[in-house]
Structure formats: structure tokens, C-alpha cells
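The following note sets out comments on the model shown below. The points are numbered for ease of reply.

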Amino acid sequence: MNSSPSKKARAVGINHIALEVADIEAALEFFGSLFELKLRGRHDNMAFIDLGDQFINLSAGRSQGPDTARHFGLVVDDREAVRRAVEAAGVKILPSQGLDFLDPWGNHVQVVEYQGIQFTKAPHILRGMAMEGLGKTQEALSELAQKGMVP
């Protein structure tokens with residue numbers, strides 16, 4: 001009998017997130033007012049927003065109240081541009097050190113800037129997204145170096 005634990009799978013990343021919204025068209029219009037969107041596809045009561053090698057799945061049928069601590073971090077190239085768009089849309093910005101807001105359906109969105117975080121897109125993905133010049137701050141590169149993950 002083998003008493004050693006079996007090998008565990010390793011999580012590699014996140015393929016997509018699913019957000020519940022009341023109305024797909026309204027959600028596409030709302031998020032389109034904040035971000036440049038590319039629609040990956042649609043199916044029944046869902047729409048898929050392309051993020052290069054990842055995506056956001058908008059699903060019709062939100063039934064719970066607004067999120068408080070539960071949120072997702074959306075990576076952007078320019079957080080201040082998002083802040084201006086959120087303010088122009090009249091969306092309430094939540095208290096935080098960065099930029100957090102609730103969408104009209106209660107999904108808590110935390111906006112982080114690509115340059116200052118460890119998350120890294122492969123060069124060929126950035127090229128495919130027409131973002132090949134997007135770099136990292138020295139602090140983010142140092143954090144990656146500490147893990148042996150310098151690009």
C-alpha cells in the first residue's frame with residue numbers, strides 16, 4: 001500500500017470569470033462605455049468579452065444582492081482612464097486604495113494597472129491584442145524576479 005499522497009494538479013491561471021447581470025445588452029452597453037470591448041461570441045443568455053487569451057462571460061440572471069468583499073480584479077493599461085469613464089457613467093466608486101466600483105447589477109470590480117502587478121501576458125498575446133509596448137514597473141519586475149519569473 002502506498003502511503004504517500006497522490007500528486008496534486010497545479011492551478012495555472014484563470015481562463016475566464018462569469019458575471020451575472022440582469023440584461024446582456026445593457027451589460028454590453030455599460031461595460032462598452034468603460035472599456036474598449038471585443039465580443040468573442042454569444043450563446044443563448046450569455047455574451048463573451050475577449051481579453052486576449054482570457055474572457056469575461058456575461059450571463060443573464062443575477063439573483064443575489066450587491067457584492068461586498070467578493071470581487072474580481074480586472075487588469076487594464078490605464079486605470080485613470082477607467083476612473084474617468086466610471087465617474088462619467090455616474091457609477092459610485094467604492095472606498096479603496098485603488099479603483100473599485102459596483103456595476104449596475106452589483107458585481108464588485110477592482111481595477112488594477114498591468115504595469116504595476118505581477119500578472120504578465122506573453123509577448124505574442126500582447127502583440128495579438130495590439131498592446132506590444134505594454135511594460136512593467138521596476139517594482140513589479142522585482143517582485144517577479146524574487147520568484148524567478150523575470151520576463
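How many helices and strands make up the secondary structure of the chain?

1. Composition. The chain comprises four helices and eight strands, where helices (H or I, at least four residues) and strands (E, at least two) are DSSP runs numbered from the N terminus. Read from the N terminus, the order of elements is β-α-β-β-β-β-α-β-β-β-α-α.

2. Basis of the comments. This is a predicted model, in which local features need pLDDT of at least 70 and side-chain atom pairs count only at pLDDT 80 or more, while totals for chains, interfaces and linings use all residues. Residues are numbered from 1 along each chain as its sequence is written, and side-chain values use heavy atoms, with hydrogens and water left out.

3. Overall dimensions and burial. Taken along the principal axes, the C-alpha atoms fill a box of roughly 55 × 45 × 35 Å. Of the 151 residues in the chain, 31% are buried; buried means under 20% relative accessible area, exposed over 50%, and partly exposed in between (1.4 Å probe, protein chains only). The exposed surface of the chain is about 9900 Å², with 53% supplied by carbon and sulfur atoms; the areas come from the Shrake-Rupley method with a 1.4 Å probe, and for residues only the protein chains shown count as cover.

4. Contacts and charge. Among contacts in the chain with a separation of 6 or more, 52% link residues 24 or more positions apart, a contact being heavy atoms within 4.5 Å. There are 16 positive and 19 negative side chains, and the centres of the two sets lie 9 Å apart. Lys and Arg count as positive and Asp and Glu as negative, His and the chain ends being left uncounted; each charge is placed at NZ of Lys, CZ of Arg, CG of Asp or CD of Glu.

5. The open sheet. Four strands form an open sheet in the order E5-E8-E7-E6, with mixed pairing; two strands pair if DSSP finds at least two bridges between them. Strand E5 (72–76) and strand E6 (93–94) stand at the edges with a single partner strand each, so one side of each has no neighbour in the sheet. E5 and E8 run parallel and are joined by five bridges, with Gly 73 opposite Gln 110 in E8. E6 and strand E7 (residues 99–102) run antiparallel and are joined by two bridges; here Leu 94 stands opposite Asp 100 in E7.

6. Faces of E5 and the helix across the sheet. Side chains alternate along E5: Phe 72, Leu 74 and Val 76 point to one face and are buried, whereas Gly 73 and Val 75 point to the other and are not. Helix H2 (residues 79–88) lies across E5, E6, E7 and strand E8 (108–113), at about 30 degrees to E7. Axes are lines fitted to C-alpha atoms, for helices over the stretch in contact, and angles run from 0 to 180 degrees between N-to-C directions.

7. Ile 17. This residue lies in strand E1 (residues 16–21) and is partly exposed, at 22% relative accessibility. Leaving aside residues up to four places away in sequence, Ile 17 touches Phe 55, Ile 56, Asn 57 and Phe 72.

8. Backbone points to inspect. Two residues that are not glycines have a positive phi: Asp 44, at about 50 degrees, and Ala 130, at about 60 degrees. Asp 44 sits in the loop between strand E2 (39–43) and strand E3 (46–50) and is exposed, with a relative accessible area of 66%. Ala 130 sits in the loop between helix H3 (123–128) and helix H4 (138–146) and is exposed at 62%.
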